[in-house]
Amino acid sequence: MKWTDEAVEAIKTDEAKTLFDAFIGKLEEVDEVDLDFAKTIMKAIQKETGIKGKNLWFPVRAGLTGNVHGPELVNAFVIMGKEKMINRLNYVKENF
């Protein structure tokens, strides 16, 4: 997968690793990613980390999709599923 320059910039922020760890932690609490989970995970991470706005959304989107812009993330979460998202975020944490 190729990450855009903007995406690489977003996943190299100080907050990105904190977000990825929080996101993975939430994923590990569920058996599968359904629509209800997908709709609430970002609000839960915002509450847990205190990170909000584009500082919350850009690193997560960039880590999962390789781009800071794109389709509705809720849909991407459901389509990608738990294992793929965990694997992708761990890969990004280790390689960027």
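**Salt bridges and helix packing in a predicted model**

D21 and K17 sit four residues apart, about one turn of the helix, and both belong to helix α2 (residues 14-28). Helices here are DSSP runs (H or I, at least four residues), numbered from the N terminus. The model is predicted, so local features need pLDDT of at least 70 and side-chain atom pairs count only at pLDDT 80 or more, while totals for chains, interfaces and linings use all residues. Residues are numbered from 1 along each chain as its sequence is written, and side-chain values use heavy atoms, with hydrogens and water left out.

D21 and K17 form a salt bridge, with 3.1 Å between the closest N and O atoms. The term denotes a side-chain nitrogen of Lys or Arg within 4 Å of a carboxyl oxygen of Asp or Glu. By this rule, the count comes to three salt bridges. D21 also takes part in a salt bridge with K93, where the closest N and O atoms are 2.5 Å apart. Since D21 lies in helix α2 and K93 in helix α5, this pair ties together parts that are 72 residues apart in sequence. K17, D21 and K93 are thus joined in a network of salt bridges.

It helps to set these pairs against their surroundings. Residues are called buried under 20% relative accessible area, exposed over 50%, and partly exposed in between (1.4 Å probe, protein chains only). D21 counts as partly exposed because its relative accessibility is 33%, and K93, at 29%, also counts as partly exposed.

K26 forms a salt bridge with E48, the closest N and O atoms being 3.3 Å apart. This pair links distant parts of the chain, with K26 in helix α2 and E48 in helix α3, 22 residues apart. K26 has a relative accessibility of 18% and therefore counts as buried, whereas E48, at 48%, counts as partly exposed.

K26 is one of the buried residues of α2, a list that also includes A16, L19, F20, A22, F23, I24 and L27. The cover over these residues includes α1 (5-11), α3, α4 and α5. Elsewhere in α2, E15 is partly exposed, with a relative accessible area of 31%. Leaving aside residues up to four places away in sequence, E15 touches I51 and N55, contact meaning heavy atoms within 4.5 Å.

Attention now turns to the packing of two helices. The axes of helix α3 (residues 35-49) and helix α5 (residues 73-95) come within 9 Å and cross at roughly 130°. Axes are lines fitted to C-alpha atoms, for helices over the stretch in contact, and angles run from 0 to 180 degrees between N-to-C directions. The crossing angle makes α3 oblique to α5; angles under 35 degrees count as roughly parallel, over 145 as roughly antiparallel, 65 to 115 as roughly perpendicular and the rest as oblique. On the α3 side the contact is made by L35, A38, K39, I41 and M42, and on the α5 side by V74, F77 and V78.

A final case is R61, found in helix α4 (residues 54-65). R61 is buried yet has no salt bridge, and E72, the nearest side chain of opposite charge, is 6.2 Å away. For charge, Lys and Arg count as positive and Asp and Glu as negative, with His and the chain ends not counted. Residues up to four places away in sequence aside, R61 touches G66, N67, V68, H69, G70, P71 and L73.
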